[in-house]
Amino acid sequence: MSKSEVTRREMLHTSGIALAASGLMAMAPIFSKGQQPAAVSEKRNHPFRLSLNTSTIRGYELPVEEQVDLCAAAGFDGIELWVSDVEAYIKQGGTAEALGHRIKQHGLVLENMISFSTWIADDPARRAEGIQKMRQDMELTAHLGGGHIAAPVQGVSVIEKHQLPTYSERYRAILEEGVQIGIIPVLELWGGGALNQLSDTIAITTGAAHPKASMLLDFYHLYRGGNSFDSLWQINGGILPVFHINDYPTSIPREELKDADRVFPGDGSCPFDKVLPILYETGFHGAFSIELFNETYWNSMDVATLLKKSYQKTAATLTNLYDAHA
């Protein structure tokens, strides 16, 4: 054995020790009090933004500018808006730039825009129409000052396994459109929809072979689709800009759950004590955005009360876990 071979082996051994040590450091208890990102308020004892998906207050049918004001007043850090609400605002004389300024004045992050188009459809005409709509929605998002837009798989009724490479090509096509505009379309999993498996979502995003490929996930949707939360170990949490937070009851059979059955975080059966550490340790340090469609809440609370409870329940879920691991 030559001296150079010994030196090389020693170097690799030393590197291995260093890598192992860094790995152990990464596995330290989550939410270390001394390592909160600068963007997080000092009053906040967890390293995430708390944001609002405006589906949570959709039943009140409020104009989008009021949604923004109420979101900020409730204490949220960010917001997810529906493209259709912004389009209605513009139709009535508003401008995307003015709304974007309003969001910025409140100190809110525009986490994501909620959009629906047939960009993945099998029919070429429908797909072309969907790509055009996605392009328009991404341009609108850019004018508002956002960086991401949801990309659910509208236009296909079932995900065919042999078609996964084709779906990846179609996703790559809108990613390339997004590069030109400065917006990232984020592939969204729906538990009761065609794309309900995390494995298929991962296959499509990795198959796209694009540096901007990402996913939009949701606690309810993962459960509703029959996914194991342990599968989250297979993803790079650092590429996820936002994660929808909510809870679900187990009193209703999983396959029968509907969007309206989602409840406040902590009021259902989601194992947050297991899943939140997984997300953190895989690199997710972004925004948890509460997304509900609960008609019972709309009918029993005014909007300010619902927003207050949404914020408090979400914050408590994260804080309780932080306190348990700190």
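Which side chain of opposite charge is nearest to the buried Glu80, and how many Å away is it? It is Arg262, 9.4 Å away, and Glu80 has no salt bridge. This is a predicted model. The points below cover Glu80, the nonpolar core around Phe288, strand β5 and helix α9.

**Glu80**
- Glu80 sits in strand β2, residues 78–82.
- Glu80 is buried without a salt bridge. A salt bridge would need a side-chain nitrogen of Lys or Arg within 4 Å of a carboxyl oxygen.
- The side chain of Glu80 does make a polar contact of 3.4 Å with the side chain of Asn53.
- Beyond four places in sequence, Glu80 touches Leu52, Asn53, Thr54, Glu111, Asn112, Ile114, Val242, His244 and Ser289.

**Phe288 and the nonpolar core**
- The largest nonpolar core holds 94 residues. Leu81, Trp119, Leu217, Phe219, Leu232 and Phe288 have the most contacts inside it.
- Helix α11, residues 303–325, supplies the largest share of this core, with seven residues.
- Phe288 belongs to strand β8, residues 287–290.
- Phe288 counts as buried because its relative accessibility is 0%, and the cut-off for buried is under 20%.
- Phe288 and Phe48 lie 240 residues apart in sequence, yet their C-alpha atoms are 6.8 Å apart.
- Outside its sequence neighbours within four places, Phe288 is in contact with ten residues' worth of partners listed here: Phe48, Arg49, Leu50, Ser51, Phe219, Phe243, Ile245, Leu276, Leu279 and Leu318.- Phe219 touches Phe288 too, and its other partners more than four places away include Phe229, Phe243, His244, Tyr248, Cys270 and Phe272.

**Strand β5**
- Five of the five residues of β5, residues 184–188, are buried, so the strand is largely enclosed by the rest of the structure.
- Ile184, Val186 and Glu188 point one way from β5, while Pro185 and Leu187 point the other way.
- In a regular strand, side chains alternate between the two faces of the sheet.
- Strand β4, residues 148–152, runs parallel to β5, and five bridges join them.
- Ala151 stands opposite Leu187 of β5.

**Helix α9**
- Helix α9, residues 272–281, is mostly covered, with seven of its ten residues buried.
- Those buried residues are Phe272, Val275, Leu276, Pro277, Ile278, Leu279 and Tyr280.
- Leu276 and Leu279 are among the contacts of Phe288. Phe272, Val275, Leu276 and Leu279 are among those of Phe219.
- Gly283 follows α9 and has a positive phi, near 110 degrees.

Technical notes: Residues are numbered from 1 along each chain as its sequence is written. This is a predicted model: local features need pLDDT of at least 70, side-chain atom pairs count only at pLDDT 80 or more; totals for chains, interfaces and linings use all residues. Side-chain values use heavy atoms; hydrogens and water are left out. Helices (H or I, at least four residues) and strands (E, at least two) are DSSP runs, numbered from the N terminus. Buried means under 20% relative accessible area, exposed over 50%, partly exposed in between (1.4 Å probe, protein chains only). Lys and Arg count as positive and Asp and Glu as negative; His and the chain ends are not counted. A polar contact is a pair of N or O atoms within 3.5 Å; within protein, one must be able to donate a hydrogen and the other to accept it, and residues adjacent in sequence count only if both atoms are side-chain atoms. Contact means heavy atoms within 4.5 Å. A nonpolar core is a set of buried Ala, Val, Leu, Ile, Met, Phe, Trp, Tyr and Cys residues joined through side-chain atoms within 4.5 Å. Two strands pair if DSSP finds at least two bridges between them.
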